[in-house]
Amino acid sequence: STGKVRQILRCEAKAVSSDSPYKWFFEDEHHTFKLYDPTASAEIEKSYQQGAKAFQIQANRFVYMIDLSKMIQQNLSTMTERRIKREGLKPERQSISSVSQLAKNPEVDFRSSVTVTISGQASDVAL
(Lines give C-alpha, C1' and ligand atoms only; values in the text may rest on other atoms or scores of the structure.)
Protein backbone atom coordinates (compact mmCIF):
# COMPACT_ATOMS: atom_id res chain seq x y z
CA SER A 1 0.00 0.00 0.00
CA THR A 2 1.27 3.48 -0.88
CA GLY A 3 -0.79 5.15 1.81
CA LYS A 4 -2.54 7.34 -0.75
CA VAL A 5 -6.29 7.60 -0.80
CA ARG A 6 -7.72 7.30 -4.28
CA GLN A 7 -11.19 8.14 -5.37
CA ILE A 8 -13.01 5.44 -7.26
CA LEU A 9 -15.69 6.32 -9.78
CA ARG A 10 -18.33 3.67 -10.32
CA CYS A 11 -20.36 3.70 -13.52
CA GLU A 12 -23.33 1.56 -14.33
CA ALA A 13 -23.87 0.41 -17.89
CA LYS A 14 -27.16 1.44 -19.47
CA ALA A 15 -29.49 -1.45 -20.10
CA VAL A 16 -30.40 -1.26 -23.78
CA SER A 17 -32.32 -4.12 -25.35
CA SER A 18 -31.05 -5.38 -28.69
CA ASP A 19 -34.07 -7.56 -29.47
CA SER A 20 -35.81 -4.96 -31.65
CA PRO A 21 -36.95 -6.09 -35.11
CA TYR A 22 -35.24 -2.95 -36.45
CA LYS A 23 -31.50 -2.58 -37.00
CA TRP A 24 -29.44 0.48 -37.86
CA PHE A 25 -26.73 0.81 -40.50
CA PHE A 26 -24.08 3.38 -41.42
CA GLU A 27 -22.56 3.93 -44.85
CA ASP A 28 -18.81 3.23 -44.98
CA GLU A 29 -16.21 4.92 -47.18
CA HIS A 30 -16.97 2.42 -49.98
CA HIS A 31 -20.68 3.42 -49.96
CA THR A 32 -21.66 0.08 -48.44
CA PHE A 33 -24.07 0.04 -45.53
CA LYS A 34 -22.65 -1.74 -42.48
CA LEU A 35 -24.59 -2.88 -39.44
CA TYR A 36 -23.94 -0.99 -36.22
CA ASP A 37 -22.90 -3.19 -33.32
CA PRO A 38 -25.97 -4.51 -31.43
CA THR A 39 -25.59 -2.10 -28.48
CA ALA A 40 -25.28 1.01 -30.68
CA SER A 41 -28.15 -0.17 -32.91
CA ALA A 42 -30.38 -0.70 -29.87
CA GLU A 43 -29.44 2.70 -28.44
CA ILE A 44 -30.25 4.43 -31.75
CA GLU A 45 -33.57 2.57 -32.02
CA LYS A 46 -34.50 3.51 -28.46
CA SER A 47 -33.82 7.19 -29.19
CA TYR A 48 -35.74 6.92 -32.47
CA GLN A 49 -38.74 5.40 -30.65
CA GLN A 50 -38.60 8.22 -28.08
CA GLY A 51 -38.78 10.81 -30.88
CA ALA A 52 -35.24 12.18 -30.51
CA LYS A 53 -34.01 14.35 -33.39
CA ALA A 54 -30.30 14.27 -32.53
CA PHE A 55 -28.17 12.73 -29.78
CA GLN A 56 -24.65 11.48 -29.10
CA ILE A 57 -23.44 7.90 -28.82
CA GLN A 58 -20.05 6.38 -28.26
CA ALA A 59 -19.03 3.52 -30.53
CA ASN A 60 -15.57 2.02 -30.18
CA ARG A 61 -13.30 4.95 -29.30
CA PHE A 62 -15.27 7.71 -31.08
CA VAL A 63 -18.21 9.87 -30.12
CA TYR A 64 -20.80 10.44 -32.83
CA MET A 65 -23.67 12.86 -33.22
CA ILE A 66 -26.60 10.92 -34.64
CA ASP A 67 -28.99 13.24 -36.48
CA LEU A 68 -32.22 11.37 -37.16
CA SER A 69 -33.82 14.30 -38.96
CA LYS A 70 -31.03 14.23 -41.60
CA MET A 71 -30.29 10.49 -41.18
CA ILE A 72 -26.55 11.05 -40.74
CA GLN A 73 -23.88 10.35 -38.16
CA GLN A 74 -21.06 12.77 -37.56
CA ASN A 75 -17.78 11.79 -35.93
CA LEU A 76 -17.22 14.60 -33.42
CA SER A 77 -13.41 14.19 -33.58
CA THR A 78 -12.97 14.17 -37.36
CA MET A 79 -16.28 15.85 -38.30
CA THR A 80 -16.78 13.13 -40.94
CA GLU A 81 -20.44 12.64 -41.86
CA ARG A 82 -21.94 9.37 -43.04
CA ARG A 83 -25.46 8.40 -44.02
CA ILE A 84 -27.40 6.07 -41.74
CA LYS A 85 -30.50 3.97 -42.32
CA ARG A 86 -33.01 1.87 -40.40
CA GLU A 87 -34.29 -1.47 -41.63
CA GLY A 88 -36.73 -3.98 -40.24
CA LEU A 89 -35.57 -7.55 -40.18
CA LYS A 90 -37.45 -10.02 -42.30
CA PRO A 91 -39.18 -12.73 -40.26
CA GLU A 92 -37.55 -16.11 -40.38
CA ARG A 93 -39.40 -18.79 -42.30
CA GLN A 94 -40.62 -21.58 -40.09
CA SER A 95 -40.15 -25.16 -41.14
CA ILE A 96 -43.10 -27.55 -41.03
CA SER A 97 -41.61 -29.30 -38.00
CA SER A 98 -41.24 -26.05 -36.04
CA VAL A 99 -44.82 -25.03 -36.95
CA SER A 100 -45.99 -28.48 -35.79
CA GLN A 101 -44.13 -28.02 -32.51
CA LEU A 102 -45.73 -24.60 -32.05
CA ALA A 103 -49.19 -26.06 -32.73
CA LYS A 104 -48.67 -28.55 -29.88
CA ASN A 105 -47.97 -25.72 -27.45
CA PRO A 106 -51.17 -24.96 -25.49
CA GLU A 107 -50.04 -21.35 -24.92
CA VAL A 108 -50.00 -20.53 -28.64
CA ASP A 109 -53.24 -19.10 -30.04
CA PHE A 110 -53.82 -20.18 -33.64
CA ARG A 111 -57.19 -18.48 -34.27
CA SER A 112 -55.90 -17.10 -37.53
CA SER A 113 -54.70 -18.51 -40.79
CA VAL A 114 -51.27 -18.86 -42.31
CA THR A 115 -50.03 -19.29 -45.84
CA VAL A 116 -48.11 -22.49 -46.47
CA THR A 117 -45.94 -22.86 -49.56
CA ILE A 118 -45.40 -26.39 -50.84
CA SER A 119 -43.44 -26.91 -54.05
CA GLY A 120 -43.91 -23.31 -55.09
CA GLN A 121 -47.70 -23.25 -54.66
CA ALA A 122 -49.16 -21.14 -51.83
CA SER A 123 -52.26 -22.26 -49.99
CA ASP A 124 -54.12 -20.66 -47.08
CA VAL A 125 -54.54 -22.98 -44.14
CA ALA A 126 -56.84 -22.32 -41.21
CA LEU A 127 -55.43 -23.50 -37.90
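Here are some short exercises on the structure above, each with a worked solution.

**Before you start**

This is a predicted model, in which local features need pLDDT of at least 70 and side-chain atom pairs count only at pLDDT 80 or more, while totals for chains, interfaces and linings use all residues. Residues are numbered from 1 along each chain as its sequence is written, and side-chain values use heavy atoms, with hydrogens and water left out.

**Exercise 1: the overall plan**

Find how many helices and strands the protein has, and in what order they run.

*Step 1.* Helices (H or I, at least four residues) and strands (E, at least two) are DSSP runs, numbered from the N terminus.

*Step 2.* The protein has 2 helices and 8 strands.

*Step 3.* Read from the N terminus, the order is β-β-α-β-β-β-β-α-β-β.

*Step 4.* For burial, sort residues by relative accessible area: buried is under 20%, exposed is over 50%, and partly exposed is in between (1.4 Å probe, protein chains only). Of the 127 residues, 21% count as buried.

**Exercise 2: the nonpolar core**

Work out which residues make up the largest nonpolar core, and which element gives the largest share.

*Step 1.* A nonpolar core is a set of buried Ala, Val, Leu, Ile, Met, Phe, Trp, Tyr and Cys residues joined through side-chain atoms within 4.5 Å.

*Step 2.* The largest one has 11 residues: Trp24, Tyr36, Ala40, Ile44, Phe55, Ile57, Ala59, Tyr64, Ile66, Leu68 and Ile84.

*Step 3.* At least two residues of this core come from each of H1, strand S3 (54-59) and S4. The largest share, 3 residues, is supplied by S3.

*Step 4.* Here is a general idea to keep in mind: in soluble globular proteins, nonpolar side chains tend to be buried together.

**Exercise 3: two loop residues**

Decide whether Leu68 and Leu76 are buried or partly exposed, and list what each one touches.

*Step 1.* Leu68 sits in the loop between S4 and S5, and Leu76 in the loop between S5 and S6.

*Step 2.* Leu68 is buried because its relative accessible area is 11%. Leu76, at 33%, counts as partly exposed.

*Step 3.* Now look for contacts (heavy atoms within 4.5 Å), leaving aside neighbours within four places in sequence. Leu68 touches Trp24, Ile44, Ser47, Tyr48, Ala52, Lys53, Phe55 and Ile84. For Leu76, the partners are Gln56, Val63, Tyr64 and Met65.

*Step 4.* Check two distances. Leu68 and Tyr48 are 20 residues apart in sequence, with 7.4 Å between their C-alpha atoms. Leu76 and Gln56 are also separated by 20 residues along the chain, and their C-alpha atoms by 9.2 Å.

**Exercise 4: salt bridges**

Find the partners of Arg83, Arg86 and Lys34 in salt bridges, and see how accessible each residue is.

*Step 1.* A salt bridge needs a side-chain nitrogen of Lys or Arg within 4 Å of a carboxyl oxygen of Asp or Glu. The structure holds 5 of them.

*Step 2.* Arg83 pairs with Glu27, and their closest N and O atoms are 2.8 Å apart. Arg83 lies in strand S6 (residues 81-88) and Glu27 in strand S1 (residues 22-27), so the pair ties together parts 56 residues apart in sequence. Arg83 is partly exposed at 45%, whereas Glu27 is buried at 11%.

*Step 3.* Arg86 meets Glu45 at 2.9 Å, N to O. This pair links strand S6 to helix H1, with the two positions 41 residues apart in sequence. Arg86 is partly exposed at 24%, and Glu45 is buried at 5%.

*Step 4.* Lys34 meets Asp28 at 3.9 Å, N to O. Asp28 is buried at 10%, and Lys34 is partly exposed at 38%.

**Exercise 5: a buried serine**

Say where Ser41 lies, whether Ser41 is buried or exposed, and which residues are in contact with Ser41.

*Step 1.* Ser41 belongs to helix H1 (residues 38-49).

*Step 2.* Its relative accessibility is 2%, so Ser41 counts as buried.

*Step 3.* Leaving aside neighbours within four places in sequence, Ser41 is in contact with Tyr22, Lys23, Trp24 and Tyr36.
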